[in-house]
Amino acid sequence: FTKISSFITSLKIFCYFTVLSRKPNLPLNTHRESSGSSMVRTRNSKSSSFISLNPSFFIHLFSLPPFNSLHNYSPRKNSRITQTSPFLSFCFISLLITLTFFAILLITFTTFFQNPLSCTGTSSSSSPLFFASVFAAASSRSGSVQDEQITLSTGAMVPLPAHGMVGNFSKEEEEFWKQPDNQGYMPCLDFSLKYRKASAKISKEKRKFLVVVASGGLNQQRNQIVDAVVIARILEATLVVPVLQVNHIWGDDSEFSDIFDVEHFKKTLIADVRIAASLPSTHFVSKQTINRDLPFHVSPLWLRARFLKQLNQEGLLILKGLDSKLSKNLPPDLQKLKCKVAFHALRFATPIRELGYQIARRMWIEGPYVAIHLRLEKDVWIRTGCLTGLGRQYDSIISRERDSHPEYLTGKLNMTHAQRRLAGMCPLNASEMTRFLKGLGAPISARIYVAGGEPFGGTQAMQPLKDEFPNLLTKHTLARNGELTPYLEKSSTLAAIDYIVSLSSDVFINSHGGNMGRALEGHRAYVGHRKYIKPNKRMMLPFFEDSSVSEQEFKRIMKKLHRKSQGQPESRAKKIDRDVIAYPVPECMCKQ
């Protein structure tokens with residue numbers, strides 16, 4: 001704006017002195033009387049000099065034609081001045097055109113930065129999400145990141161920026177840290193005109209209410225909350241802030257507001273679904289049916305046919321057990337809504353964000369790092385029916401627990417432990433993860449963040465990994481001055497911290513599927529296709545057992561097997577029933 005002001009001033013000065021230069025018989029300090037005419041004469045010495053007697057250049061400038069007509073028109077004019085009016089008119093018109101141009105430019109840029117973007121870039125250094133990632137940690141301290149005006153470019157939960165290849169890296173190390181090609185894909189939540197027209201009515205609904213009870217761990221609850229918003233949209237109902245069921249495994253009694261930013265959740269979805277903090281007293285009833293037996297993969301048509309009549313009559317619908325119940329194959333607008341909820345609306349609460357980004361910065365400041373999600377908790381071994389790799393003593397403990405709770409076992413019951421492992425149904429233990437990392441070319445000096453709960457077997461379970469990669473860190477080793485003490489019994493908060501640190505890692509490796517792995521796979525894709533390696537256990541595990549394969553050959557095989565599965569854009573339509581939260585291309589991301 002300073003440059004614009006200087007330019008306009010220069011234009012005015014240019015016009016003024018050009019006028020004077022075209023009046024050679026009219027010196028700067030006096031207005032000479034014309035001897036043969038009764039035209040304009042000087043009145044007195046006070047008005048004879050512009051420089052010495054008029055302190056304001058602009059007042060004098062506006063006293064000249066064509067400006068004088070704006071404030072003090074007089075029919076008595078100097079003939080010489082009149083002769084220059086076409087040029088002054090040109091200056092005046094040029095000035096107006098210049099001002100108009102800059103005004104339009106200002107309005108255009110203001111609108112661009114204030115309105116939601118239909119296609120927000122993440123791959124280039126100038127993209128809004130890139131700049132948001134640079135300031136993500138600092139912004140989280142304030143607890144009000146663009147709270148007054150939530151837009152898609154500022155509301156997304158973004159990672160710290162990926163590190164460039166600066167320093168002395170070998171060719172193999174550069175290959176390991178190198179980010180995949182995002183092929184020009186960027187977030188693109190351009191809802192249809194039909195969807196936006198319907199929003200005017202749906203976002204103001206105050207008669208029909210949907211209550212959802214979300215169960216399971218943090219990322220399982222996240223999935224159900226995403227589906228709850230979509231179901232509320234389908235049924236055109238107000239969604240009451242979801243109720244989080246107490247986790248029976250970890251005993252976490254956290255409420256929605258303890259984990260997520262409620263106000264941000266409501267503001268982000270204000271144009272899609274009305275969110276109510278609580279159910280109004282007018283809708284309380286002594287006895288209300290809780291619908292918990294939904295079939296899998298229900299469609300919008302099924303939901304309307306099953307619940308719309310009840311909702312219109314009673315004004316209240318309570319759903320429980322939504323995990324994997326909503327169809328993965330939804331209309332494009334509803335797929336975009338899922339992405340908007342997962343990657344924009346479900347932002348963690350301020351205390352969690354602050355601590356999560358603080359711990360992430362402690363990893364990030366030292367250079368690139370790997371985050372791995374090792375599924376070595378006791379309940380994982382019980383549910384998968386796999387051996388721990390820690391010896392008979394630990395395996396017998398798991399077997400007894402599994403026998404007493406057969407309902408915990410997932411997958412096929414008629415498979416042996418070895419068959420399960422070779423079928424890729426078991427998590428990689430620490431020894432297998434160590435060899436896998438070495439096979440991919442991870443440097444021994446690599447800093448590795450281990451996400452997940454306490455491993456079954458304690459330090460013994462992690463020792464093989466620690467021996468080969470000494471820079472092994474967790475949220476507990478990175479936290480300072482009792483930062484984690486208030487959350488030691490809050491498994492969801494600890495999982496949220498793991499999520500933030502893993503999202504900001506340069507490389508993420510998931511050892512065994514799960515909700516967190518799928519959520520991070522999609523989130524890392526959405527913010528620029530950050531490197532995400534999913535072990536192909538079925539193909540690679542036989543080579544772990546083959547002692548005839550040399551270490552160099554083993555590396556070549558591991559790299560070849562995973563060359564095309566490092567986080568590159570992959571279409572959701574490539575396989576049936578893929579969740580858009582894990583594969584946001586093409587519904588939620590487009591090529592610029």
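**Disulfides and confidence in a predicted model**

C386 and C426 form a disulfide, with their sulfur atoms 1.9 Å apart. The model is predicted. The disulfide links distant parts of the chain, 40 residues apart. C386 lies in the loop between helix 17 (378-384) and helix 18 (392-404). C426 lies in the loop between helix 19 (417-422) and helix 20 (430-440). The torsion about the S-S bond of C386 and C426 is about -85°, so this disulfide is left-handed. Each cysteine was also checked for burial. C386 has a relative accessibility of 2%. Buried means under 20% relative accessible area, so C386 counts as buried. C426 is buried too, with a relative accessible area of 8%.

A search of the whole structure finds 2 disulfides. A disulfide is a covalent bond between the sulfur atoms of two cysteines. The other pair is C339 and C588. Here the S to S distance is 2.0 Å. The link of C339 and C588 is right-handed, with 90° about the S-S bond. C339 sits in helix 15 (residues 332-345). C588 sits in the loop between helix 26 (551-561) and strand 13 (589-591). The two cysteines are 249 residues apart in sequence, so the pair ties together separate parts of the chain. Both C339 and C588 are buried.

How are the bonded cysteines paired when counted along the chain? The disulfides follow the pattern 1-4, 2-3. C339 is thus joined to C588, and C386 to C426.

Two further cysteines were examined for accessibility. C188 has a relative accessible area of 7%, so C188 is buried. C590 has a relative accessible area of 22% and is partly exposed. The cut-off for buried is under 20%, so the value for C590 does not meet it.

Confidence varies along the chain. The average pLDDT of the chain is 80. At least 70 is reached by 73% of the residues. Which element has the highest mean pLDDT, and which the lowest? Helix 15 has the highest, at 97. This helix holds C339. Helix 2 (residues 50-53) has the lowest, at 38. Over residues 16-84, the pLDDT is below 50. That stretch has 63 contacts in the model beyond near neighbours in sequence. Residues 109-150 also have a pLDDT under 50. For residues 109-150, the model has 84 contacts beyond four places in sequence.

Notes: Residues numbered from 1 in each chain as written. Predicted model: local features only at pLDDT ≥ 70, side-chain atom pairs only at ≥ 80, totals over all residues. Heavy atoms only, no water. Disulfide = S-S within 2.5 Å. Helix = DSSP H or I, 4+ residues; strand = E, 2+ residues; numbered from the N terminus. Buried < 20%, exposed > 50% of the residue type's maximum accessible area, 1.4 Å probe, protein only. pLDDT = per-residue confidence, 0-100. Contact = heavy atoms within 4.5 Å.
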